[in-house]
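This report looks at how a protein surface meets a DNA strand and at how two protein chains are related to each other.

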Protein chains: 2
Amino acid sequence: MTKARRSLLHVLEQASEPLSVSALLQHPDVSCNQATVYRSLHYLEQRGYLDSFVLHCTDHGTERYYSCTKEQAEHSHWFHCTACHRFIDLGACLMKEDLKRWEQQYGFTVSDHTFFLTGVCATCKESTSSTD
Amino acid sequence: MTKARRSLLHVLEQASEPLSVSALLQHPDVSCNQATVYRSLHYLEQRGYLDSFVLHCTDHGTERYYSCTKEQAEHSHWFHCTACHRFIDLGACLMKEDLKRWEQQYGFTVSDHTFFLTGVCATCKESTSSTD
DNA sequence: GCTAATTTTGCAAGTCATTCGCATTCCTGC
DNA sequence: GCAGGAATGCGAATGACTTGCAAAATTAGC
């Protein structure tokens with residue numbers, strides 16, 4: 001594990017939400033080149049240390065977001081607030097059964113699934129209604 | 001409804017699966033400029049005629065895929081085969097209840113959700129196992 | 001510890017989807 | 001037929017991401 005990879009993994013372990021490459025590049029503990037960030041993230045994801053998904057948001061455009069996989073290779077799904085751009089963890093994925101059902105029904109094998117919500121979080125709803 | 005928008009809507013109505021901008025540009029019935037395609041798709045999506053999602057696939061990169069919304073504003077979810085790149089319709093979205101539950105639990109308001117599966121379809125699994 | 005081989009990194013240029021500015025064309029109402 | 005606003009085409013720009021290549025770092029062998 002090289003210095004660049006270790007620093008990225010560490011930052012993502014400490015993070016409470018998925019981070020984009022641009023967020024990682026701005027982080028003080030990440031001091032490597034952007035090409036290295038991309039390469040390291042690929043490396044770490046392939047090794048099962050990280051999870052990622054592509055999210056499009058009007059303000060930030062289309063970006064890939066990375067988060068650490070928890071111990072048991074469990075992954076979370078997320079709600080993304082389009083106002084404050086924070087993520088809310090919806091908890092571990094509960095789709096195992098549904099995926100199995102679909103696999104049986106259609107005969108395909110699911111290697112990956114993407115699921116997330118977007119909208120406005122409770123805090124932003126309040127501040128919008130009071131300041132507008 | 002202009003000629004460009006009508007042709008795009010028509011092609012997507014006839015399509016059995018979501019189409020990317022590059023697929024639409026290659027379609028014989030779509031004869032307008034790519035900037036017009038992007039602008040028209042935005043227009044049609046905003047008016048509720050279309051649904052879209054961003055999917056990343058190793059072979060085709062990251063692209064936005066568009067499909068027509070059915071009559072009752074029902075939308076489908078899809079399985080994407082990473083071998084033949086076809087989509088399989090998983091049927092109408094059944095997540096209304098789940099979304100409501102999450103909204104109550106976390107206090108946010110969901111304006112959109114993204115869900116799709118990727119993997120290898122039955123046909124591609126067969127042809128792979130027999131020709132490898 | 002020292003050198004050769006392998007891997008990783010930085011830099012700069014390239015790719016690809018998507019967007020934007022602007023001039024031209026189309027459409028609608030008069 | 002004509003004026004005015006909307007839509008389109010064209011080409012350049014943007015931004016996320018990738019790649020080639022040489023330098024730096026890590027590893028292996030002695």
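## Polar contacts with the DNA backbone

A polar contact is a pair of N or O atoms within 3.5 Å; within protein, one must be able to donate a hydrogen and the other to accept it, and residues adjacent in sequence count only if both atoms are side-chain atoms. In this predicted model, local features need pLDDT of at least 70 and side-chain atom pairs count only at pLDDT 80 or more, while totals for chains, interfaces and linings use all residues. Residues are numbered from 1 along each chain as its sequence is written, chains are lettered from A and ligands numbered from 1 in the order in which they are written, and side-chain values use heavy atoms, with hydrogens and water left out.

Arg64(A) places a backbone N or O atom 3.2 Å from a phosphate oxygen of DNA strand D. Through their side chains, Tyr38(A) has an N or O atom 2.9 Å from a phosphate oxygen of the strand, and Arg5(B) has a polar atom 3.0 Å from a phosphate oxygen.

## The surface near DNA strand D

Among the 16 residues around DNA strand D (a heavy atom within 4 Å of it), those that come nearest include Tyr38(A) and Arg39(B). Of the strand's atoms that come within 4 Å of the protein, 65% belong to sugar and phosphate.

The largest share of this surface, five residues, comes from α3(A).

## Relation of the two chains

A turn of 180° with a shift of 0.0 Å along the axis lays chain A on chain B with an RMSD of 0.1 Å (least squares on the C-alpha atoms of residues with pLDDT of at least 70 in both). That is the relation of a two-fold axis. Phe115(A) has the C-alpha nearest the axis in chain A, 2.2 Å from it.

Note on methods. Helix = DSSP H or I, 4+ residues; strand = E, 2+ residues; numbered from the N terminus.
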